[in-house]
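This briefing looks at one lysine and the chain around it, and it is meant to be read with the sequence and the structure side by side.

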Amino acid sequence: MNDRQIKQEALTKVPAVTLGFWIIKILATTLGETGGDSVTMTWLGETTPTAMQSSWHPGYLIGTAMFGVLLVGLIGAQIRARRFNPWLYWATIVASTTAGTTLADFADRSLGIGYPGGSLLLLPCVLLSLLAWYQTLGTVNVNTVSSPREEGFYWITITFSQTLGTALGDWVADAGLGYSGGALLFGAALAILAILYFTTRINRVALFWAAFILTRPLGATVGDFLDKPLDKGGLALSRPIASAVLAVLIILLALVIPQRPGRHPDKREQESPRYAR
C-alpha cells in the first residue's frame with residue numbers, strides 16, 4: 001500500500017472536532033428548530049386557533065414524514081460517499097435536527113406523552129444505541145467513523161440525540177425557565193464541559209457525546225426564543241426568515257472555516273487514555 005492510500009484510509013468521513021465544528025453544530029441545531037417549526041407550525045398551520053383546539057395534529061406527522069424521508073436519503077448518500085464531503089455532512093445534520101424537532105413535537109402534541117415522557121423515552125434510546133455500537137465495534141470514538149457499519153451506528157445515535165435534545169429543551173423551557181433561561185442553562189452546561197476538557201483527563205469520547213447531545217437543547221431553546229410570540233418569552237421573529245438567515249450563516253462559516261475530516265486513530269492512540277473507549 002502506497003503513502004497516498006494510507007493517508008486516505010487514515011481519514012474519517014466526519015469532520016474533525018474543532019471549535020468551528022461546534023459553532024456550526026449549534027447553528028445547525030437552531031436551524032433545525034426554526035426550520036421544523038416553519039413547516040409544521042407556519043406552513044401546515046399547527047399553531048392556528050383551529051388546530052390548537054383539536055386533539056389531533058396531523059401537521060407534525062406530515063412534517064416528520066417529510067424530514068424523515070429526506071434524512072434517510074441523505075444518510076444513504078453519506079454512507080455511499082467514498083470520502084468526507086462537508087456539504088453532504090452538514091445537510092444530513094440539519095435534516096436530522098429538523099426531523100428531531102417535528103418528531104418530538106409529534107410525540108408531545110399528537111401522541112400526548114409530553115416532553116418529559118419523550119425525554120425519558122429517548123434517553124435510553126441514545127444510551128442503547130451507544131452501547132450497541134460499543135459492543136459491536138469496541139469503541140464509540142467518532143474518529144473511527146470510516147466505513148458503512150460505523151456510519152450506521154453514528155447516524156442512528158445522532159438522530160436519537162437530536163430528538164432527545166428537542167424534547168429536553170422544550171421540557172426545561174416549559175418547566176419555568178423559559179426559552180432564554182433554558183438557553184443560558186444549556187450554554188453554561190456546555191461551558192462546564194469545555195472546562196473539564198481542558199483541565200481534566202476525563203474520557204474525551206464521553207465528553208464529546210455529552211457536548212453533542214447538549215448542543216441540541218441549546219439550539220432548541222435559542223430557536224424557540226427567536227420565533228415564539230412575545231407573550232411566551234420569544235422575540236416573535238418570522239420562522240422562515242430566521243431559518244433562512246441561519247442557513248446563510250452556516251454556509252458562510254462552512255466556506256470560511258476549514259472543513260477537514262477527522263483522522264482515524266492508530267492502535268496505539270486508541271489504547272491511550274485520551275482515546276479510551
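The points below go from the whole chain to a single residue and its surroundings.

The model is predicted, and its protein chain has 277 residues, of which 48% are buried. Within that chain, K13 belongs to strand β1, which spans residues 11-15, and its side chain has polar atoms placed at short listed distances from the backbone oxygens of Q78 and A81.

**The chain as a whole**

- The secondary structure of the protein chain amounts to 10 helices and two strands, and the order of these elements from the N terminus is α-β-α-α-α-α-α-α-α-α-β-α.
- When contacts between residues at least 6 apart in sequence are considered, 76% of them in the protein chain connect residues at least 24 apart.
- The protein chain exposes about 13500 Å², and 68% of this area is supplied by carbon and sulfur atoms.

**Where K13 sits**

- K13 counts as buried because its relative accessible area is 5%, and the cut-off for a buried residue is under 20%.
- Although K13 and P148 are 135 residues apart along the chain, their C-alpha atoms are separated by 9.9 Å.

**What surrounds K13**

- Beyond its neighbours within four places in sequence, K13 is in contact with Q78, I79, R80, A81, R83, F84 and Y89, and also with V145, S146 and E151.
- A polar atom of the K13 side chain lies 3.0 Å from the backbone oxygen of Q78, while the backbone oxygen of A81 lies 2.6 Å from a polar atom of that side chain.

Note on methods:
Residues are numbered from 1 along each chain as its sequence is written. This is a predicted model: local features need pLDDT of at least 70, side-chain atom pairs count only at pLDDT 80 or more; totals for chains, interfaces and linings use all residues. Side-chain values use heavy atoms; hydrogens and water are left out. Helices (H or I, at least four residues) and strands (E, at least two) are DSSP runs, numbered from the N terminus. Buried means under 20% relative accessible area, exposed over 50%, partly exposed in between (1.4 Å probe, protein chains only). Contact means heavy atoms within 4.5 Å. A polar contact is a pair of N or O atoms within 3.5 Å; within protein, one must be able to donate a hydrogen and the other to accept it, and residues adjacent in sequence count only if both atoms are side-chain atoms. Accessible areas come from the Shrake-Rupley method with a 1.4 Å probe; for residues, only the protein chains shown count as cover.
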